[in-house]
Amino acid sequence: MDFKELANKYQTPLYVYDFDYMAAQYDELKSAFKGRKSIIAYAVKANSNLSVVKHFADMGSGADCVSIGEVRRAFLAGVPSYKIIFSGVGKSDDEIREAIEKDILYINVESEAELGRVELIAKELGKVSRISIRVNPNIDPKTHPYISTGLHDNKFGVDLNSAKRMYIKANNSEHLDPVGIHFHIGSQLTELEPIRESAEIVADLVRSLEGINIELKFFDIGGGLGIRYDNEITIKPYDYVQAILGTLTALDLTILCEPGRFLTANAGYFISKVLYEKQNGEKKFVVIDGAMNDLLRPSLYNAYHKIDVITDSKEEPRAVDIVGPVCESGDFFAKNYPLPPLNHNDLVIVNSAGAYGFGMGSNYNTRGRSAEVALESGEDRLIRKRETFEDLIALEQEFLKA
Ligand SMILES: Cc1ncc(COP(=O)(O)O)c(C=O)c1O
Ligand SMILES: N[C@@H](CCCC[NH3+])C(=O)O
């Protein structure tokens with residue numbers, strides 16, 4: 001990848017995504033499901049650029065969405081309605097209505113109260129809403145607490161007893177059709193056992209539902225497959241699928257899986273330019289033109305991202321903090337990172353930036369978000385323009401009083 005040329009052509013800060021790498025990840029996971037009825041529903045939140053979603057849709061992927069905005073993105077990108085699912089603990093009435101009208105595969109319901117709203121809205125529309133229920137198996141996923149979702153302490157899903165009650169209610173309703181069951185215990189999972197254990201708990205519930213003649217079609221195992229940011233030992237897709245299959249004996253269900261990070265993270269690079277170096281006492285800083293508003297993960301989770309530099313400097317590395325221009329001490333990409341002395345306009349490349357990078361960006365400090373570029377079969381192309389100052393003020397300007 002010629003980062004220098006890309007930086008010259010598109011300016012910095014810049015996100016670049018290797019579409020061939022994304023395709024290879026998708027293929028690897030898909031082939032692990034070979035011989036089984038399965039749908040990979042790409043988790044749009046990981047990287048919701050329309051061209052990225054379309055790239056997966058073109059390979060046959062569905063879409064896991066967490067807002068009606070993401071559902072609309074999935075439709076625009078060509079994902080068929082019967083491969084779109086909609087999760088989230090706080091769906092509004094309008095969102096539920098639109099999802100039912102759009103006839104997506106199912107709404108993944110996360111509380112008893114929500115089930116009531118879905119039923120009511122389906123009734124108003126004179127329709128039947130297909131649903132799944134997100135089960136919270138109360139399993140520790142052994143990941144960062146901010147991205148753990150499968151413990152009762154987390155807001156996601158419902159406990160087993162509530163789930164069973166909700167299936168019975170849905171089964172007795174003229175306006176609900178329970179077709180699926182779902183769990184997602186967290187993100188950046190590097191241990192298989194918590195996933196297997198959760199699958200077992202949820203599969204047991206499916207069996208007990210069969211005992212009362214509630215037959216489901218979809219077993220949705222969520223996303224969460226971890227990737228290598230540093231030197232983590234990650235779960236192999238084949239082992240992952242085998243572990244799930246092991247819990248499904250005698251159950252004939254289509255497996256749905258919702259990977260986000262696994263498909264996109266290591267396809268992405270965030271390219272930024274060195275503005276200055278400075279030193280406060282003993283502390284050395286490299287100030288770059290990208291910031292926490294572009295890539296929040298280090299600030300929010302203290303997440304590690306490997307950094308490379310493109311420089312002529314031949315000097316020995318020393319420990320520096322790599323920081324951006326935003327007015328927060330938390331605006332950093334790495335701390336005490338070994339880098340050689342750098343010059344103005346040298347490039348700093350933040351790796352593993354394809355998931356939860358651009359999407360978690362903001363306009364804090366009135367900074368326009370960076371451009372996004374796809375690389376595919378040796379060609380580069382713009383997939384999102386750099387935001388201008390005019391874009392940032394567009395929704396306010398008309399209200400400016402004279
Ligand atoms: C319901 C659901 N599915 C899928 C994902 C995608 O997760 P990941 O990017 O870790 O694969 C998430 C995010 O954690 C999620 O909340
Ligand atoms: N935003 C998180 C992942 C959250 C997954 C969504 N449930 C991250 O950057 O690692």
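This report walks through the domains, ligand surroundings and nonpolar core of a predicted model.

## Two domains and an annotated span

Let's start with the overall layout. The chain splits into domain 1, made of residues 3-13 + 266-393, and domain 2, which covers 33-259. Taken over C-alpha atoms, the centres of domain 1 and domain 2 are 34 Å apart.

A record adds a label to part of the chain. In an unreviewed UniProt entry, residues 24-265 carry the annotation "domain: Orn/DAP/Arg decarboxylase 2 N-terminal". In the model, 40% of that span is helix and 15% is strand. The C-alpha atoms at the ends of residues 24-265 lie 13 Å from each other.

## Where the domains touch

How many residues does each domain bring to the contact? Domain 1 gives 15 residues, and domain 2 gives eleven residues.

If you would like to find the domain 1 side in the viewer, look for strands β16 (371-376) and β17 (379-384), each of which supplies at least two residues to it. Sorted by class, that side of domain 1 has seven nonpolar, five polar and three charged residues.

## Around ligand 1

Ligand 1 has 17 residues around it. Which of them come nearest? They are Ala43, Ser187, Gly223, Gly260 and Arg261. The shell as a whole has eight polar residues, alongside six nonpolar and three charged residues.

## Around ligand 2

The surroundings of ligand 2 are made up of Lys45, Ile147, Ser187, Gln188, Arg297, Tyr356 and Met360. Ser187 is a name to remember here: this residue is listed around ligand 2 and also among the residues that come nearest to ligand 1.

By class, the ligand 2 shell has three nonpolar, two polar and two charged residues. Which domains supply this shell? Domain 1 and domain 2 each contribute at least three residues to the surroundings of ligand 2.

## The nonpolar core

Now for the interior. The largest nonpolar core holds 104 residues, and Val53, Ile84 and Ile322 have the most contacts inside it. Among the contributors, helix α8 (residues 193-211) gives the most, with six residues. Both domains take part in this core as well, since at least three residues come from each of domain 1 and domain 2.

Ile84 is a good residue to click on. Which residues does Ile84 contact, leaving aside neighbours within four places in sequence? They are Gly62, Ala63, Cys65, Val71, Ala74, Val79, Ile104 and Leu105.

Notes
Residues numbered from 1 in each chain as written. Chains lettered and ligands numbered in written order. Predicted model: local features only at pLDDT ≥ 70, side-chain atom pairs only at ≥ 80, totals over all residues. UniProt positions renumbered as here; feature names shortened; annotations may be inferred. Helix = DSSP H or I, 4+ residues; strand = E, 2+ residues; numbered from the N terminus. Near = placed C-beta within 6 Å. Nonpolar A, V, L, I, M, F, W, Y, C, P; charged D, E, K, R; others polar. Domains from an automatic or database assignment. Contact = placed C-beta atoms within 7 Å. Core = buried A, V, L, I, M, F, W, Y, C linked by C-beta atoms within 7 Å. Buried ≥ 20, exposed ≤ 12 C-beta atoms within 10 Å, placed from the backbone.
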